[in-house]
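Open the model in your viewer and keep the sequence panel beside it. Each stop below says what to select and what is there.

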Amino acid sequence: MRGIGPSAVNAAKTSCNLGHPLTDGNLIHRKDGSKTCWTCHRAYMRGWNKENRAKINVYRKRWLDRHPGKMAEMNKKYSGRHKKYRAKKREEARDEFGT
Ligand SMILES: [Zn+2]
(Lines give C-alpha, C1' and ligand atoms only; values in the text may rest on other atoms or scores of the structure.)
Protein backbone atom coordinates (compact mmCIF):
# COMPACT_ATOMS: atom_id res chain seq x y z
CA MET A 1 0.00 0.00 0.00
CA ARG A 2 1.19 3.53 -0.66
CA GLY A 3 0.23 7.10 0.07
CA ILE A 4 -0.36 9.01 3.26
CA GLY A 5 -3.90 7.84 4.15
CA PRO A 6 -4.43 6.23 7.56
CA SER A 7 -4.62 2.68 6.16
CA ALA A 8 -1.42 3.19 4.18
CA VAL A 9 0.35 4.59 7.23
CA ASN A 10 -0.85 1.66 9.37
CA ALA A 11 0.12 -0.91 6.74
CA ALA A 12 3.67 0.46 6.76
CA LYS A 13 4.06 0.12 10.54
CA THR A 14 6.59 -2.45 11.69
CA SER A 15 6.05 -2.06 15.43
CA CYS A 16 3.17 -1.26 17.76
CA ASN A 17 2.81 1.92 19.82
CA LEU A 18 4.78 0.29 22.64
CA GLY A 19 7.53 -0.86 20.29
CA HIS A 20 6.75 -4.58 20.01
CA PRO A 21 7.67 -5.89 16.55
CA LEU A 22 4.69 -6.53 14.23
CA THR A 23 6.12 -9.75 12.86
CA ASP A 24 4.52 -13.10 12.04
CA GLY A 25 4.11 -14.72 15.46
CA ASN A 26 3.23 -11.42 17.14
CA LEU A 27 0.62 -10.08 14.76
CA ILE A 28 -3.18 -10.22 14.75
CA HIS A 29 -5.04 -9.29 11.59
CA ARG A 30 -8.45 -8.02 12.60
CA LYS A 31 -11.53 -8.50 10.46
CA ASP A 32 -11.59 -4.77 9.72
CA GLY A 33 -8.08 -5.05 8.27
CA SER A 34 -6.27 -3.38 11.14
CA LYS A 35 -3.27 -4.93 12.86
CA THR A 36 -2.74 -5.59 16.54
CA CYS A 37 0.29 -6.72 18.49
CA TRP A 38 -0.22 -10.03 20.35
CA THR A 39 1.88 -8.93 23.31
CA CYS A 40 -0.30 -5.86 23.90
CA HIS A 41 -3.51 -7.79 23.21
CA ARG A 42 -2.56 -10.46 25.76
CA ALA A 43 -1.77 -7.83 28.39
CA TYR A 44 -5.05 -6.09 27.64
CA MET A 45 -7.08 -9.31 27.86
CA ARG A 46 -5.38 -10.23 31.12
CA GLY A 47 -6.45 -6.90 32.62
CA TRP A 48 -9.94 -7.19 31.15
CA ASN A 49 -10.40 -10.68 32.57
CA LYS A 50 -9.31 -9.48 35.98
CA GLU A 51 -11.71 -6.53 35.95
CA ASN A 52 -14.65 -8.51 34.58
CA ARG A 53 -14.23 -11.69 36.60
CA ALA A 54 -17.73 -11.35 38.10
CA LYS A 55 -19.34 -10.85 34.70
CA ILE A 56 -17.44 -13.80 33.24
CA ASN A 57 -18.53 -16.02 36.10
CA VAL A 58 -22.17 -15.09 35.47
CA TYR A 59 -21.85 -15.98 31.77
CA ARG A 60 -20.03 -19.16 32.68
CA LYS A 61 -22.72 -20.18 35.16
CA ARG A 62 -25.46 -19.42 32.60
CA TRP A 63 -23.69 -21.55 30.00
CA LEU A 64 -23.23 -24.41 32.44
CA ASP A 65 -26.94 -24.25 33.34
CA ARG A 66 -27.90 -24.39 29.68
CA HIS A 67 -25.55 -27.23 28.83
CA PRO A 68 -25.87 -29.79 31.59
CA GLY A 69 -23.30 -32.55 31.30
CA LYS A 70 -21.45 -30.76 28.54
CA MET A 71 -18.53 -29.76 30.76
CA ALA A 72 -17.95 -33.34 31.90
CA GLU A 73 -18.09 -34.45 28.28
CA MET A 74 -15.52 -31.85 27.21
CA ASN A 75 -13.24 -32.57 30.13
CA LYS A 76 -13.27 -36.20 29.11
CA LYS A 77 -12.63 -35.35 25.46
CA TYR A 78 -9.78 -32.92 26.05
CA SER A 79 -8.20 -34.33 29.18
CA GLY A 80 -4.51 -35.04 28.86
CA ARG A 81 -4.19 -32.84 25.81
CA HIS A 82 -2.19 -30.14 27.59
CA LYS A 83 -0.02 -32.77 29.25
CA LYS A 84 0.80 -34.20 25.82
CA TYR A 85 1.60 -30.70 24.57
CA ARG A 86 3.97 -30.05 27.50
CA ALA A 87 5.67 -33.40 26.95
CA LYS A 88 6.20 -32.56 23.28
CA LYS A 89 7.63 -29.13 24.17
CA ARG A 90 9.96 -30.71 26.72
CA GLU A 91 11.10 -33.17 24.07
CA GLU A 92 11.80 -30.34 21.63
CA ALA A 93 13.73 -28.37 24.24
CA ARG A 94 15.82 -31.43 25.00
CA ASP A 95 16.63 -31.89 21.34
CA GLU A 96 17.58 -28.25 21.02
CA PHE A 97 20.04 -28.25 23.92
CA GLY A 98 21.27 -31.77 23.26
CA THR A 99 20.98 -33.03 26.82
ZN1 LIG B 1 2.59 -4.21 21.47
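The tour runs from the whole chain to its helices, and then to single residues.

**Whole chain**

Start with everything shown. This is a predicted model. Colour by pLDDT: the average is 88, and 97% of the residues score at least 70. Two elements mark the ends of the scale. Helix 1 (residues 6-11) has the lowest mean pLDDT of the elements, 78. Helix 3 (residues 53-66) has the highest, 96.

Now switch to cartoon. Five helices and two strands make up the set of elements. Along the sequence they run α-β-β-α-α-α-α. The radius of gyration is 20 Å, well over the 13 Å that the globule rule gives for 99 residues, so the protein is more spread out than a compact globule. Along the principal axes, the C-alpha atoms fill a box of roughly 55 × 45 × 25 Å.

How much of the chain counts as buried? The share is 1% of the 99 residues. As for contacts with a separation of 6 or more, 9% join residues 24 or more positions apart.

**Two domains**

Select 6-38 and give it one colour; this is domain 1 in the domain assignment. Select 52-97 and give it another; this is domain 2. Taken over C-alpha atoms, the centres of the two domains are 29 Å apart.

**Helix 2**

Select residues 38-51, which form helix 2. Put a distance between the end C-alpha atoms. They lie 20 Å apart, which agrees with the 20 Å that 14 residues should span at 1.5 Å a residue. Is this helix buried or in the open? The number of buried residues among its 14 is zero, so helix 2 lies largely in the open.

Stay in helix 2 and pick Thr 39. It has 14 C-beta neighbours inside 10 Å; buried would take 20 or more and exposed 12 or fewer, so Thr 39 counts as partly exposed. Which residues does Thr 39 touch, leaving out those up to four places away in sequence? They are His 20 and Asn 26. Add Leu 22 to the view. Thr 39 and Leu 22 are 17 residues apart in sequence, and their C-alpha atoms are 9.8 Å apart.

**Helices 3 and 4**

Move on to helix 3, residues 53-66. Its end C-alpha atoms are 20 Å apart, in agreement with the 20 Å expected of 14 residues at 1.5 Å each. Helix 3 is hardly covered, with a count of zero buried residues.

Next select residues 70-78, helix 4. None of its nine residues is buried, and this helix too is hardly covered. Then step just past helix 4 to Gly 80 and check the backbone: phi is positive there, about 85 degrees.

**Back to the start of the chain**

Return to helix 1 and pick Ala 11. With 14 other C-beta atoms within 10 Å, Ala 11 is partly exposed. Bring in Ser 34. The two residues are 23 apart along the chain, and 8.1 Å separate their C-alpha atoms.

Last, select Gly 5, in the segment before helix 1. Is Gly 5 buried or exposed? Gly 5 has 10 other C-beta atoms within 10 Å, and therefore counts as exposed. Finish by drawing a line to Arg 86. Gly 5 and Arg 86 are 81 residues apart in sequence and 45 Å apart in space, C-alpha to C-alpha.

How values were computed. Residues are numbered from 1 along each chain as its sequence is written. This is a predicted model: local features need pLDDT of at least 70, side-chain atom pairs count only at pLDDT 80 or more; totals for chains, interfaces and linings use all residues. Helices (H or I, at least four residues) and strands (E, at least two) are DSSP runs, numbered from the N terminus. The expected span of a helix is 1.5 Å times one less than its number of residues. pLDDT is the predictor's confidence in each residue, from 0 to 100. Domain bounds come from an automatic or database domain assignment. Two residues are in contact if their C-beta atoms, placed from the backbone, lie within 7 Å. The radius of gyration is taken over C-alpha atoms; the globule rule is 2.2 Å times the number of residues to the power 0.38.
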